[in-house]
Amino acid sequence: MEDAIILVIAPNEDGRKFVDQLMYRKKSFAVLTNNRTEEKQYQKMGVKHVVRIDTFMTKKWIVPQIAVDKIYIFESSLNLSCRYLQICRPWTSQEIYIVTRFWSPRGIYRGMGADHVVYTKNGDVGFLLER
């Protein structure tokens, strides 16, 4: 998938650090958000592609016009992470990673289509970009 982009849902500090790593490594990526505040924050950080989506209106969940490679979802809440997983799973046949600080939701995420659930204590998951 040469022209495919990495998609990141990063509503927390761990996710923002990951976005910094993507920019530093000059990876082709987009950030997906569901609110204007995050959208502006990422634009201010210098992210070129920020997509805002309504996570409540299922009729507005359209498949992007560009190819999506791996997806990284940084957990801020179980409900919202599940919603993003539900939205994004049809967008790619590649791996979806859920990054969490909690042990309990592993089975839920895998049952909804996540390929990997990564537990972190310190939020440093830059090693995922080596895969």
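Which residues lie nearest the centre of the largest pocket? In this predicted model, the residues nearest the pocket centre are Leu7, Val51, Pro64, Ile66 and Trp91, which belong to a lining of 15 residues. The space within the largest pocket amounts to about 240 Å³. Three strands, β1 (5–9), β2 (29–33) and β3 (50–52), each contribute at least two residues to the lining. When the lining of the largest pocket is divided by class, 11 residues are nonpolar, 2 are polar and 2 are charged.

Strand β5 was examined next. The strand spans residues 96–100, and 5 of its 5 residues are buried, so β5 is largely enclosed by the rest of the structure. Its side chains are divided between two directions: Ile96, Ile98 and Thr100 point one way, whereas Tyr97 and Val99 point the other way. Residues of both sets are buried. In a regular strand, side chains alternate between the two faces of the sheet. Strand β4 (residues 68–74) runs parallel to β5, and the two are joined by 4 bridges. Within this pairing, Phe74 is placed opposite Val99 of β5.

Phe74 also features in the surroundings of Asn12, a residue found in the loop between β1 and α1 (13–24). Beyond its neighbours within four places in sequence, Asn12 is in contact with Tyr42, Phe74, Glu75 and Ser76. The relative accessible area of Asn12 is 16%, and Asn12 is therefore classed as buried, the cut-off being under 20%. A polar interaction is also present at this position, where the side chain of Asn12 reaches the backbone nitrogen of Asp14 at 3.3 Å.

A further site is provided by His116, which is found in strand β6 (residues 116–119). His116 has a relative accessibility of 22% and counts as partly exposed, because this class covers values between the 20% limit for buried residues and the 50% limit for exposed ones. The side chain of His116 is joined to that of Glu95 by a polar contact of 2.9 Å. With respect to Asn35, His116 is 81 residues away along the chain, and the C-alpha atoms of these two residues are separated by 26 Å.

Taken together, the two sites carry different accessibility labels: Asn12 is buried at 16%, whereas His116 is partly exposed at 22%. Each takes part in a short-range polar pairing, with the backbone nitrogen of Asp14 for Asn12 and with the side chain of Glu95 for His116.

Definitions and conventions: Residues numbered from 1 in each chain as written. Predicted model: local features only at pLDDT ≥ 70, side-chain atom pairs only at ≥ 80, totals over all residues. Heavy atoms only, no water. 1 Å grid on protein atoms, 1.4 Å probe; cavity = no way out; pocket = protein on both sides within 12 Å on 5 of 7 lines; lining within 4 Å. Points joined across faces, edges and corners; volume = space filled by probe spheres on them. Nonpolar A, V, L, I, M, F, W, Y, C, P; charged D, E, K, R; others polar. Buried < 20%, exposed > 50% of the residue type's maximum accessible area, 1.4 Å probe, protein only. Polar contact = N/O pair within 3.5 Å; in protein donor to acceptor, adjacent residues only side chain to side chain. Contact = heavy atoms within 4.5 Å. Pairing = 2+ DSSP bridges.
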